[in-house]
Amino acid sequence: MELEDKSIIITGASSGIGAAAAALFAGEGARLILGARRSAELEAIASKINAANGKAVFLAGDVKEAGYADALVDLALTEFGRLDGAFNNAGILGGMEPIPDMEIGNWNDVISVNLTAAFLAAKAQIPAMAKAGGGSIVFTSSFVGFSNAGMPGMGAYAASKSGLNGLVQSLAAEHAAEGIRVNALLPGGTITPAGGEGNPDVMAFIAGLHPMKRMADAKEIAQAALFLLSDRSSFMTGSPMIADGGMSIRLT
Ligand code: NAP
């Protein structure tokens with residue numbers, strides 16, 4: 001029980017990595033607050049956890065809205081009395097074009113969901129964690145925008161995830177003395193709807209980029225998030241933790 005009785009927010013919990021994390025964390029004893037826009041998917045995931053004697057509540061909303069980050073924290077405090085952790089994982093790929101062809105609307109959407117929402121989440125979560133005497137915040141970043149993974153057509157996404165890595169370092173430095181750890185998790189290609197799930201050509205291309213010649217299962221990334229949220233990573237803060245099948249050290 002790596003997360004016994006810890007009250008943890010997961011965003012992007014309706015699908016992919018977030019849904020895998022919800023199942024994994026619930027099995028490790030966490031009390032979960034699940035967020036994403038699709039209510040029916042969240043309800044189904046929470047019901048399954050509760051039917052198996054886990055503890056999960058959910059609230060549908062858009063991470064771009066400041067009020068939503070606050071509402072998720074309020075729900076944690078109302079339901080579980082405290083907030084110990086957050087897996088801020090919601091994200092979008094957005095349209096993939098070279099920058100001269102990219103609409104400003106696409107740029108703004110990607111930056112809002114992947115970066116500005118992280119700022120809003122931290123603003124809402126840190127005071128609650130400080131009251132609880134500490135906590136752990138994990139943001140899902142990406143191999144894109146880090147090391148040598150310069151992927152064409154992904155300028156907005158790469159900028160958002162690189163920006164997120166910088167935000168994580170600042171937050172970690174600002175709140176280390178309060179016992180709040182803040183880390184980024186950098187997955188490689190992962191089998192989820194955003195990762196090309198159901199499209200064998202796309203998945204084969206992405207798998208081939210990795211030295212391990214495969215994509216991650218969403219549960220493998222959730223396990224890395226579990227480590228960062230648990231006390232086993234108690235001396236880690238400000239880290240860009242890579243779980244990318246060797247993508248960052250590939251030869252070409
Ligand atoms: P996914 O299956 O498409 O899941 C994305 C999640 O984010 C969904 O639950 C979605 O829920 C939620 N979301 C998107 N926009 C939102 C918004 N405006 N407000 C609230 N929730 C929102 O993709 P995934 O691969 O699991 O992605 C999870 C994270 O991993 C993302 O940050 C992504 O950038 C990152 N990542 C993925 C890969 C990969 O290869 N799959 C690699 C590196 C990093 P709703 O649609 O219900 O809102």
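The questions and answers below concern the ligand site and two loop residues of a predicted model.

User: Which residues come nearest to the ligand?
Analyst: The ligand has 30 residues around it. Among the elements that each supply at least two residues of this shell are α1 (16–27) and α5 (155–175). The residues that come nearest are Ser15, Arg37, Arg38, Tyr157 and Thr192.

User: How many residues of the shell around the ligand are nonpolar, polar and charged?
Analyst: Glycine counts as polar in this division. The shell residues divide into 11 nonpolar, 15 polar and 4 charged.

User: How much of the ligand does the protein bury?
Analyst: A polar backbone atom of glycine 12 is 3.1 Å from an oxygen atom of the ligand. For isoleucine 17, the distance from a polar backbone atom to a ligand oxygen is 2.8 Å, and a backbone N or O atom of threonine 190 also lies 2.8 Å from a ligand oxygen. Taken alone, the ligand exposes 880 Å². The protein buries 93% of that.

User: Is asparagine 53 buried or exposed?
Analyst: Asparagine 53 is in the loop between α2 (39–51) and β3 (55–60). Its phi is near 70 degrees, a positive value in a residue other than glycine. Exposed means over 50% relative accessible area. Asparagine 53 has a relative accessible area of 73%, so it is exposed.

User: Where is lysine 213, a residue with phi near 55 degrees?
Analyst: The phi of lysine 213 is positive, in a residue other than glycine. Lysine 213 is exposed, with a relative accessible area of 56%. Its place is in the loop between α6 (200–209) and β8 (216–217).

How values were computed:
Residues are numbered from 1 along each chain as its sequence is written. This is a predicted model: local features need pLDDT of at least 70, side-chain atom pairs count only at pLDDT 80 or more; totals for chains, interfaces and linings use all residues. Side-chain values use heavy atoms; hydrogens and water are left out. A residue is near a molecule or strand if one of its heavy atoms lies within 4 Å of it. A polar contact is a pair of N or O atoms within 3.5 Å; within protein, one must be able to donate a hydrogen and the other to accept it, and residues adjacent in sequence count only if both atoms are side-chain atoms. Accessible areas come from the Shrake-Rupley method with a 1.4 Å probe; for residues, only the protein chains shown count as cover. Helices (H or I, at least four residues) and strands (E, at least two) are DSSP runs, numbered from the N terminus. Buried means under 20% relative accessible area, exposed over 50%, partly exposed in between (1.4 Å probe, protein chains only).
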